[in-house]
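Here's a two-chain model to poke at. Have a look, and then let's go through how the chains meet.

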Amino acid sequence: MFKKFENFIHKAIQSSSQRKLILIVTLIAFVLSILMIAPSKMVLAKMLPGKNNDTFNIYVTLATGSSISQTQEVTSCVSAILTQEKELRDLEVFLGMGSPLDFAGLIKGSQFKNSENVAELVLNLTKKHHRDEPSYLMVQRLRPIVQSQCQSLYKGTKISFVEPPAGPPTMAAIVAEIYGDNAEGIRKLSSRVSDVFHHTDGLVDIDIMQDDIFDTFKIVVNNTKIVRSGVDIEQLNNIIYLAFEGMQIAVKNSELYNDQVPIYLSLSKESKSFTRKDLNAIKVKLGALKLMNTQGIMIPLTELVSVIAEKSHPMILSKNLHMMSNVMAETDMVSQVYPLMDARETILENFSDTYKIKKIGLFNLQLTDKESGKVYKLIWDGEMEVTLDTFVELGAAFIAALVLIFLLMVVYYKSYAISGIILLGSFLSIIGVIVGHFVMDLFTVETFFLTATSLIGFIALIGISSRNSLLLIDYTKSLMINKGMDQASAIAHSAATRAKPIFLTAVAIMLASTLLAGDAVFGGLGVSLIFGTVAAVIASLLVVPVLLNIIDLEKHFDIN
Amino acid sequence: MKDINFIPTDYAGKIAKTFIHSPLTLTLGLFILAIGYLSLEIMPREENPQMVVSGSTVIIALPGASAKEIQKIIVNPLERKLKEVKGVEHIYGRAMDNVGIVNAAFFIGEAKEGANLKIYDKIMQNADIFPSGAMKPIIKPLDIDVDIPIVSIAFYADNEKMSKTELYDSVKKIQHHINGLENVAVTELKGGSKHQFNIEVDLNKLSGYNLSMGQIKKAVASLAYNVPATKNTSKDNKIVILGVKNALDSIKDINNIIVAQYMGSVIYLSQVAKVSDSYDIQNFKKALIKVRDKNGEFSSFKEQITLSVSKLQGTNAVIIADEVKKELLMYKELLEKNGIHYVITRNDGERADEAVNELVYHLVLSIVIIAILLAFVLGWRESLIVTFTVPAILAITLFVAYLSGQTINRITLFAFLLSLGLLVDAAIIVIENIHRHYHSKESAHETPTELMIKATDEIGAPTNIATLAIILTMVPMAFVGQMMGQFMKPIPANVPVALIASLFVAYIFTPYLAVRMLKRPDHSDKGEE
């Protein structure tokens, strides 16, 4: 069999028409596979795919200023749906605070949650080996049901599903940072961007990182009256705080309990609650509170202050010293690259009515308000940014690897032509990588993404295929020097002899990688290695011999 | 030792020549396997690799200031100061009513200790820039190891009548014991209600007696005071200890506090307020749990307290989780007598162990598959030799990883799986060349030892260079920054080690085993070339 192969190679590398055919076919395969990624989107890129977990969280956020009982109402609605799940083992609800911290929560700010309008639910599922439905599909199935039923209970409620990330955690799949100088403008622009996200396919759990503006009341102190009546403002503040919020006014040490026992003073629940949320009700209640002045005379609070209605002050966010706001969205089992492109297209098309849009950087936008002339910036961040950075850096690592190998070969063979052939041969394994992902995508239910680990696999492949070429060339050299064979037969003989170890090592790599291919995170790496190795073997046994015979080996090997 | 005439030209041949008849080779092989196994057992196991993420949050409160004021006088100056710190990648500011929060995130990979110190230094040096009336800055450093618990346990009571604080007290006791376990860093409680004496004043009665809240506060505070005992001596030099008994010992004492005297008669606190020995009613936070009962049906929501346990950096999550579980079992009976049950809601130790064991199983499976393949192509003896080299190489790699302070996690094992395909290469190439020479007529006159060394030497140079090439492809990956770079670090850290080990193992052990195990075919009548 190897004899036949030797004859075939011998003929092929000497006939110029077959040589051309091999090279042209290779070139076409290469161009086609590149096309699969870029314009046709047949192979989709994503940093890391979903991972099947035994647990996930649900974050519930009501509009700012909502009460804990309203929040509990929403979590009850959510848990009523969840408890129908057969695979659910237990369900925890943390009201007014974050759940015990995990990787995702660390970045999403779960540890800072401390208000009545937030809650987190923790779901523990049955072990993944005994469960048919992976957690990411469960999330995808439950998300629309939970959101449609429970988000409508109170306006402004956001329910988002948070899965443990397969790799490093990010704030959200897509984050649009809106920078500007005035809070109003940022608010307006953010809500428009979030509208665009709502109408973009594949985006879910859309949220704007900003407080809602709600109604509050403010007590305005009448200075003259305060001075005349002989009470001071501190006293007044204390009384209001003590009455409605309550205060721990003293502590008691105790041998019975683990902590100091505080003594807490407040109005009783019935007497402190207002009858309605309006100005008059507040005035009535304040009238019943009295202050004692320095002369020991009781003065009703309403004598000293007036109450006005006011809007709340929303939180002001800044990043790197610039005022900003975040619009965030998660992706629903799709790569974040393509929805982002779609959303950006829509912004470019629709926002030109009020803004003058300029493209900055790779995808970022600068929007100038046509009326006020104020300048805003839209910068993409989140997993998208991390993906981009990672791909760019891995790309750089790839180029660095190519350069290093080239230099190594030049040092070893002292010939640019041979080093170039080795490099070209190893570069061809990319055909296998891309085709492999396309084939896998056809055979799997979910989208099989080209991920960061695929790139790592590709980088390792350059090394592997240059090893193949190296063994081939080295043997050819020794055949020509020691046995005095002519160039074509030496190449053919060497290809045939080396075919066995090359096949063996290739099969070893492929077998070792099949187990990788099944994993969520490292599937890309496995598939890259399996299909890339096939391409690498073909390249080093067919394309490299052809290329080798084009150059004059005797000169390059420095024979004579 | 036999005379070896062949003079090797490459390191490969030289190494093979040195070890092929050395009695130390066998010992070395066993030693390598032993340290590898030991490393696998004692290396800390985790699910995810350790990531170096540093950052600090600075919180400054200024009561009474609006969000806009906070932004101008607290957040902006603070942001400017933190920007001076080297290594800070992003600064996030949040200005709210009454409080300003600034978060400085360092570049990924910046060491935690240095980063924390730099922020602390910067804030302390600039304590004068904060406005008067602002409270002392609170600096909270981020610490992934300590902040993220590896085990969490939810305690809940079956008994409806049990007071809310009783559960808290029981769990608090257990918390102390668990905190005492080795390598446990932080334990924390979420949910639950603390003890508190509540004085709930009735507004109508208050105005009826013409009292103000201030008077009540003053009256209670003046009595709730603990004083140390005084010491004196009597005339005959004996010590006399004089202690003042706490005025408030029970609810009765609080109820009987006189808040005012009105028209000659005294008004007790109990007349205007309801006093109760109860829990912190002002706390809006609550933790609930639903579990399945014996019939698999969900119970109603029960109040729970979650105890979370985090570990010290670089310690074994698996062992700590097991210790915690064991410790809990000791209290199980006592708790259940009181109607308290618990359920473990997070166990990263178990998850890590599962992930690691699964991958070790995959690793073994791959080795077996490759061995079977080689047995068909090269023969079972050759296959056995290659199969031996794999654990030896992995053992060396594991040992080096252990020495460099790494842990066994998902990514380390994937690095091994990835290198598995690469690291059998050297051995396969050596054994294939030996096989070829062994079975060829031309070299029938040479002694087995010489032939082994020659065959090893022949492919030495290209194998060295090829392995070097693969190592070089991995080197740039170590420079990938960001989270992803950190996450993937075990790959560029371990694959090159495995590859270098694979070269040495291939040159040392393959010829050593081959000369003892392979049978030479008889070339007298026929033979293939």
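Two strands pair if DSSP finds at least two bridges between them; strands (E, at least two residues) and helices (H or I, at least four) are DSSP runs, numbered from the N terminus. It's a predicted model, so local features need pLDDT of at least 70 and side-chain atom pairs 80 or more, while totals for chains, interfaces and linings use all residues. Residues count from 1 along each chain as written, with chains lettered from A and ligands numbered from 1 in written order.

Q: In β9(B), which residue is the bridge partner of B:Thr233?
A: Strands β8 (230-233) and β9 (239-242) of chain B run antiparallel, with four bridges. Five residues sit between them in the hairpin, where B:Asn237 has a positive phi near 60 degrees. The partner of B:Thr233 is B:Ile239.

Q: What residue in β2(B) bridges to A:Leu317?
A: Here the pairing links chains: β13 (316-319) of chain A goes antiparallel with β2 (88-96) of chain B over four bridges. A:Leu317 is matched with B:Arg94.

Q: Which strands stand at the edges of the open sheet β8(A)-β9(A)-β7(B)-β12(B)?
A: This four-stranded sheet has mixed pairing. In it, β9 (261-267) of chain A and β7 (195-201) of chain B are parallel, over five bridges. The edge strands each have a single partner, so one side of each lacks a neighbour in the sheet: they're β8 (247-252) of chain A and β12 (273-279) of chain B.
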